[in-house]
Structures are given as structure tokens and as C-alpha cells.
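These are my notebook entries on a single chain. I set out to record what a reader may wish to check against the coordinates.

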Amino acid sequence: MFSTVPLLTLLALSVTGSPVEVRNSRITLPITRKLKFSNGTNQVQHDEARVVAFRDNSTHGRRANNIPLENEKWMYITSVGIGRPPTFYELVVDTGSAVTWVGAHKMYQKTASSFETSLVVAVDYQFAWFAGFLFTDFLIFGNTLAATMPIGVASEYDGMAYNGILGIGPARLSVGTVKNAMEMELESIAQHLFEAGSISQPLVGIFFQPSSKGREKPDGGILNFGDPNPALYTGNIVYTPVTTTYPASMYWGIEQRITYGTMEILPTASGVVDSGCTFNYLASDAYENYRVATGAKFNARTKLLSITPEQYGALDDLKFHIGNQIYSFTRNAQIWPRKLNYKVNGLESGIYLAVKSLSTPVGRGEDFRLGYVFLQRFYASFDNARSQVGFAGTPFTDATTN
């Protein structure tokens, strides 16, 4: 028989009931990138669909402000243990949502650490959804004891290829997801781990490396809770505040301006850092500035900008001015990995730029989106407690693997 108790009582147990006595520095989890579809055109189509969903959801109420990585052709999966003894679930890592849930394709296994609340939780991601009950249970990352925290347990769902989602977006995205407590904000995973003594500070970092394996071999990455791992980045992590401009302010939104060579293509504007998008996106007028500056032509086959080998050789750096730092994209960082041209329906010899248009002009509150291709070159640290996002170079910032 499993207890049903108020959520606030269970949240207290997440600290007082945890067996963790010694505060650790960090918890590190491997991430595996998996390819969902075989039709290469879907890579671009699903990326565009996610961007549209984010934009449209900003006008349709708080509840819809959660968009899962599951909508993407490329998904980033990690294994999380839940319960005592633990059952391990393959969860999609998503910076665009804040509710962690399980129960898709693999039933949630109750154990002595499982507590069911009387609260109903539901998230409609536009392309996928789940509904069920809010539990608290003990989560284990790798071989590390972690903390007790709230999780959704799906009683029904649709559109999910794996066992659920590990939501690492800002905690404010959880408001409106608990149906009989609509104003409730679920504390972030990093905050729970910090309060339980599992990590030394409530940070979550993401590290990827540029695609180099081609075809169906998955590339990996690292999800890091707590102290950033200095082996994953170079120099210092420099933080910038989350923007106050809506709708970017709902997510891991920041402000920046972008230059190409000496030309400003986007004045200071707000946008989002999103691991769930593959490409970098710019407001339509900034995108056009970039297209003209590079001499690229729109390629209908791939829906990407195409350049010649001569134009590639002449590319200037694309520079992201964030706070008082400049993060430079070399010519190689600006192009789609040529080994993966088949995944965008491209020609084997083609050279395609990994920058796309948001299809809306500057001034809409989300004028850029920094996706996976950006996170392949720069380490990102997300700080929910201080409402800030940090970046640093990595050993792969200037890699030429594309």
C-alpha cells in the first residue's frame, strides 16, 4: 500500500529523508544522441515545427510553454534510476520544459520510496502530451544517490518515443501543469539535488561535441549537475542574466547582438538557448542580412542556405556578443556537418549553412534561437536560482570536423 500525502510534505522529505550526508561537487551523466527518423527531410521540418510551436504557444497561455526535445529528429537521451530499488528509464533531456515524467513504453514501478499525491499533472507539448498523477520518488543519476523529488507518472500519453522527459528548463515553466494547483511551481531538479546535499550548487550544464561519426553512429555529450567540470570547457564560464523580455523570458532566454565580420546583422535583442533545436535561428531580417553577407542561396531541396567551396573559403566569423563577451563561430562552425548531408536531403558534395530564419522580424520578443550547433561549440551552464545562463569555450570551439 502506497501513501498519498500532500505535496508540500513530500517536498520536505526530499531534504530531510535523503540518505545523502556528504555534499558532493557534481553529478555527471552521459547523453546519447539518437536519430529518430530515416527520412532526411524531417530533420529540417521537425526543427521548424518546434520553432513555430514555441512562437505560437507564447500567445496561448502558460500551460503550453513547454516544448519537448521529443519533437526533434535528433533526441538526447540519458538514463535515470527511480525508486528503491531503482528502475532505470531512458529520458529525453529537454531545456524547453520543466516537468520530469515517466511511464511511456515502460510502466512506472512503485517501490517503498514511492509516494502518490492527490495532484493531477498534464503537459501538452503540441506534438506530444501526457497526463497522470504527481508522485515523489527517489531519483538516481548513474551510480550517484541523488534526491527525492516530484515526478509525473503518465496514465496516458501520445507522441513519445522513449520513457519520458527529464525537464531541465526554468522552474517557471512548470506553473500551470499541476491541474488542481495551477499556481504551483515545481522546484528545479538542480535545486532539489542541491538541497539534498547531492551537489554543491544548483547548476546544470550541457556539453556536446561537433558531429564526427557520420551515418547512424550516435555522438555523445555530458549533462552536468553541480560544479561545472573544468575538463569540459576552456577559460572561464561567464554568466549573463535571463532576459526580462517576453516570451524569451519564459525559457533560458538571453540578450545578445550578432555580427558577421564587421557587419551588424542583428542589433541587441532577446532570444532563447534551446538544446531541442538543431540549427541556429535568426529573425527574418537578420537572416536576410546574413544571407546577403555570405552570398548564400536558399536551397529548396534542403531548406537551408547553400554556398560554394569558394564562398566557404571566404566566410568571416559569425560573432555572438553576449554581455561583455564575444563568442565566435568559425567558418567550419557555421556549416552543417558534411558527413550528415544525407540527413537534410542534401548532396554529398554540398555545403549548407546551419542558420535558418524564424520567419518573423526583429522585435517579437524572440529574435534568435541558439540550438544544438551552438552548444556543440560552447559549454552552457543554466542557473535557475540566480536566473542566469553562462557560456565558455570548449576544446571543440574551433574544431574543423564539419
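**Entry 1: The surroundings of G350**

I began with G350, which I found in the loop between β18 (325-329) and β19 (351-353). I noted that the model is a predicted one. Is G350 buried or exposed? Its relative accessible area is 10%, so I entered G350 as buried, the cut-off being under 20%. I then listed its contacts, leaving aside neighbours within four places in sequence, and found R338 and N341. I also looked up the distance from G350 to W336, which lies 14 residues away along the chain; their C-alpha atoms are separated by 9.6 Å.

I stayed in this loop for N345, which also lies between β18 and β19. N345 is not a glycine, yet I found a positive phi near 65 degrees. The relative accessible area of N345 is 30%, and I entered this residue as partly exposed.

**Entry 2: Backbone geometry elsewhere**

I looked up S387 next, in the loop between β22 (378-383) and β23 (388-393). S387 has a positive phi of about 50 degrees although it is not a glycine. I recorded S387 as partly exposed, at a relative accessible area of 29%.

I then turned to cis peptide bonds. The bond from R84 to P85 is cis, with omega near 0 degrees, and P85 sits in the loop between β2 (74-82) and β3 (87-94). Y246 and P247 are likewise joined by a cis peptide bond, with omega about 5 degrees. I placed P247 in the loop between β11 (234-241) and β12 (253-260).

**Entry 3: Salt bridges**

How many salt bridges does the structure hold? I recorded six. One of them joins the side chains of R257 and E264, at 3.1 Å from N to O. R257 is partly exposed, with a relative accessible area of 29%, and E264 is partly exposed as well, at 42%.

I next examined the pair D274 and R369, whose side chains form a salt bridge at 3.0 Å, N to O. D274 lies in the loop between β13 (263-273) and β14 (280-282), whereas R369 is in strand β21 (residues 368-370), so this pair ties together parts that are 95 residues apart in sequence. I found D274 and R369 to be buried.

R369 also meets E366 in a salt bridge, at 2.6 Å from N to O. E366 and R369 are both buried. I therefore entered D274, E366 and R369 together, as residues linked in a network of salt bridges.

**Entry 4: Nonpolar cores**

Which residues have the most contacts inside the largest nonpolar core? I noted F141, L193, L223 and F225, in a core of 69 residues. Strand β7 (residues 144-158) gives the most to this core, with five residues. Apart from this core I found another, of 19 residues, among them A104, Y125, F130 and A154.

I followed L223 further. Residues up to four places away in sequence not counted, L223 touches several others, including I27, L29, V93, L166, I168 and V204.

**Entry 5: The cavity**

I searched the whole structure and found one cavity of 30 Å³ or more. The largest cavity holds about 200 Å³ of space. It is lined by 25 residues, and I noted A98, G167, E187, S188 and I189 as the closest to its centre. The elements that give two or more residues to this lining are β7 and α3 (189-195). The largest share, four residues, comes from β7.

**Entry 6: The chain as a whole, and confidence**

I closed with the chain overall. I recorded six helices and 23 strands. Of the 402 residues, 59% count as buried. Among contacts between residues at least 6 apart in sequence, 71% join residues at least 24 apart.

The mean pLDDT of the chain is 85, and 81% of the residues reach 70 or more. Over residues 1-22, however, the pLDDT is below 50, and I noted that this stretch has 41 contacts in the model beyond near neighbours in sequence. Residues 37-42 also have a pLDDT below 50, with 16 such contacts.

Note on methods: Residues are numbered from 1 along each chain as its sequence is written. This is a predicted model: local features need pLDDT of at least 70, side-chain atom pairs count only at pLDDT 80 or more; totals for chains, interfaces and linings use all residues. Side-chain values use heavy atoms; hydrogens and water are left out. Buried means under 20% relative accessible area, exposed over 50%, partly exposed in between (1.4 Å probe, protein chains only). Contact means heavy atoms within 4.5 Å. A salt bridge is a side-chain nitrogen of Lys or Arg within 4 Å of a carboxyl oxygen of Asp or Glu. A nonpolar core is a set of buried Ala, Val, Leu, Ile, Met, Phe, Trp, Tyr and Cys residues joined through side-chain atoms within 4.5 Å. pLDDT is the predictor's confidence in each residue, from 0 to 100. On a 1 Å grid over the protein atoms alone, a cavity is a set of points where a 1.4 Å probe fits but cannot get out, and a pocket is an open set with protein on both sides within 12 Å along at least five of seven lines; lining residues have an atom within 4 Å of a point. Grid points are joined across faces, edges and corners, and a volume is the space filled by probe spheres set on the points.
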